[in-house]
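Work through the exercises below with the sequence and the model at hand. Each task is followed by a solution in steps.

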Amino acid sequence: MRLRAELRKRREALDGSARFAAARAVVAHLDTIPGYVAARRVAGYWAIAGELPLSSVVTALDRDDARTFLLPKVPARKRGKLAFAPWQMGDDVEANRFGIPEPIVATVVEATSLDVVLLPTVAFDRMGHRLGTGGGYYDRTFAFRQGGPPPPLLIGIAYACQEVASIESAAWDVDLDWVVTEIEAFKCVRGEH
């Protein structure tokens with residue numbers, strides 16, 4: 001898809017200082033979302049290919065013993081669902097089949113047990129439609145949220161330059177509840193699929 005490729009190039013063009021400034025700003029914006037502030041199990045992602053890094057989020061969560069940060073573990077089956085494993089800065093990781101680091105632990109948490117999920121986002125619109133990398137893992141994993149309320153609260157994380165006017169969504173796409181960028185946090189206005 002041309003839009004996906006164009007927006008990936010746009011975010012990859014950002015320099016390191018812009019990425020880390022954005023990461024710090026995202027923490028402050030997340031703290032304005034009531035569902036995030038009360039969350040105990042917060043799943044995120046390991047930033048690759050120019051994605052907005054969550055290092056500041058992990059650091060903030062590590063300071064609070066009552067909160068746990070989790071990373072996704074890609075299933076062995078190509079069309080499977082993600083599971084999530086607790087992870088803190090400094091914990092060991094190993095690369096999955098896509099080269100993305102994952103926690104080295106046997107204990108995983110199912111998606112239905114999460115309070116908040118911070119989703120990597122290639123593109124987003126104000127209605128909560130999201131373009132991811134195209135593998136469909138998040139849509140399959142959170143299909144139970146299709147048209148239903150949180151938990152988990154689904155928050156797209158992206159740079160402001162990744163916003164588009166509208167994204168055509170398919171019936172199987174799971175919409176975001178919120179989007180957070182370096183500039184703002186906004187609640188998505190539900191539209192029609």
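**Exercise 1. The sheet**

Task: Give the order of the strands in the open sheet and find which strands stand at its edges.

Solution. In this predicted model, the open sheet has 7 strands, and reading across it gives S3-S2-S1-S6-S9-S10-S11. The pairing is mixed. Next, look at the two ends of that order. Strand S3 (83-86) and strand S11 (185-187) each have a single partner strand, so one side of each has no neighbour in the sheet. From one strand to the next, the twist averages 25 degrees.

**Exercise 2. The neighbours of S9**

Task: Describe how S9 pairs with S6 and with S10.

Solution. Start with S6. Strand S6 (residues 116-120) and strand S9 (residues 153-157) run parallel and are joined by 5 bridges. Two of the residue pairs can be named: Val116 has Leu153 as its bridge partner, and Val117 has Leu154. Then turn to S10. S9 and S10 are paired in the parallel sense as well, over 3 bridges. Here Gly156 has Val179 of S10 as its bridge partner. As background, strands of a sheet pair through backbone hydrogen bonds, either parallel or antiparallel.

**Exercise 3. Burial of S9 and the nonpolar core**

Task: Sort the residues of S9 by the way they point, and state which residues touch the most other members of the largest nonpolar core.

Solution. First, take burial: 5 of the 5 residues of S9 are buried, where buried means under 20% relative accessible area. Second, take direction. Leu153, Ile155 and Ile157 point one way, while Leu154 and Gly156 point the other way. Third, go to the core, which holds 46 residues. Those touching the most other members are Leu30, Tyr36, Val57, Leu118, Phe142, Ile155 and Ile157. Elements that give two or more residues to this core include helix H2 (16-30), strand S1 (41-43), helix H4 (55-62), S6 and S9. H2 gives the most, with 5 residues. In soluble globular proteins, nonpolar side chains tend to be buried together.

**Exercise 4. The largest pocket**

Task: State the volume of the largest pocket and find which element gives the most to its lining.

Solution. The volume is about 940 Å³. Its lining has 40 residues, and the closest to the pocket centre are Gly132, Thr133, Gly134, Gly135 and Gly136. Now go through the elements. Helix H1 (2-12), strand S2 (68-73), strand S5 (101-103), strand S8 (130-131) and helix H5 (137-141) each supply at least two lining residues. H5 gives the most, with 4 residues. By class, the lining divides into 20 nonpolar, 9 polar and 11 charged residues.

**Exercise 5. Backbone exceptions**

Task: Locate the cis peptide bonds around Pro151 and the place of Ala49, which has a positive phi.

Solution. Begin with the general rule: most residues other than glycine have a negative phi, and most peptide bonds are trans. Against this, the bond joining Pro150 and Pro151 is cis, with omega about 10 degrees. The bond from Pro151 to Pro152 is also cis, and its omega is near -10 degrees. Pro151 lies in the loop between H5 and S9, and Pro152 is found in the loop between H5 and S9 too. Last comes Ala49, whose phi is near 50 degrees. Ala49 sits in the loop between S1 and H4. Its relative accessibility is 34%, so Ala49 counts as partly exposed.

Technical notes. Residues are numbered from 1 along each chain as its sequence is written. This is a predicted model: local features need pLDDT of at least 70, side-chain atom pairs count only at pLDDT 80 or more; totals for chains, interfaces and linings use all residues. Side-chain values use heavy atoms; hydrogens and water are left out. Two strands pair if DSSP finds at least two bridges between them. Axes are lines fitted to C-alpha atoms, for helices over the stretch in contact, and angles run from 0 to 180 degrees between N-to-C directions. On a 1 Å grid over the protein atoms alone, a cavity is a set of points where a 1.4 Å probe fits but cannot get out, and a pocket is an open set with protein on both sides within 12 Å along at least five of seven lines; lining residues have an atom within 4 Å of a point. Grid points are joined across faces, edges and corners, and a volume is the space filled by probe spheres set on the points. Ala, Val, Leu, Ile, Met, Phe, Trp, Tyr, Cys and Pro count as nonpolar, Asp, Glu, Lys and Arg as charged, and the others, Gly among them, as polar. A nonpolar core is a set of buried Ala, Val, Leu, Ile, Met, Phe, Trp, Tyr and Cys residues joined through side-chain atoms within 4.5 Å. Buried means under 20% relative accessible area, exposed over 50%, partly exposed in between (1.4 Å probe, protein chains only).
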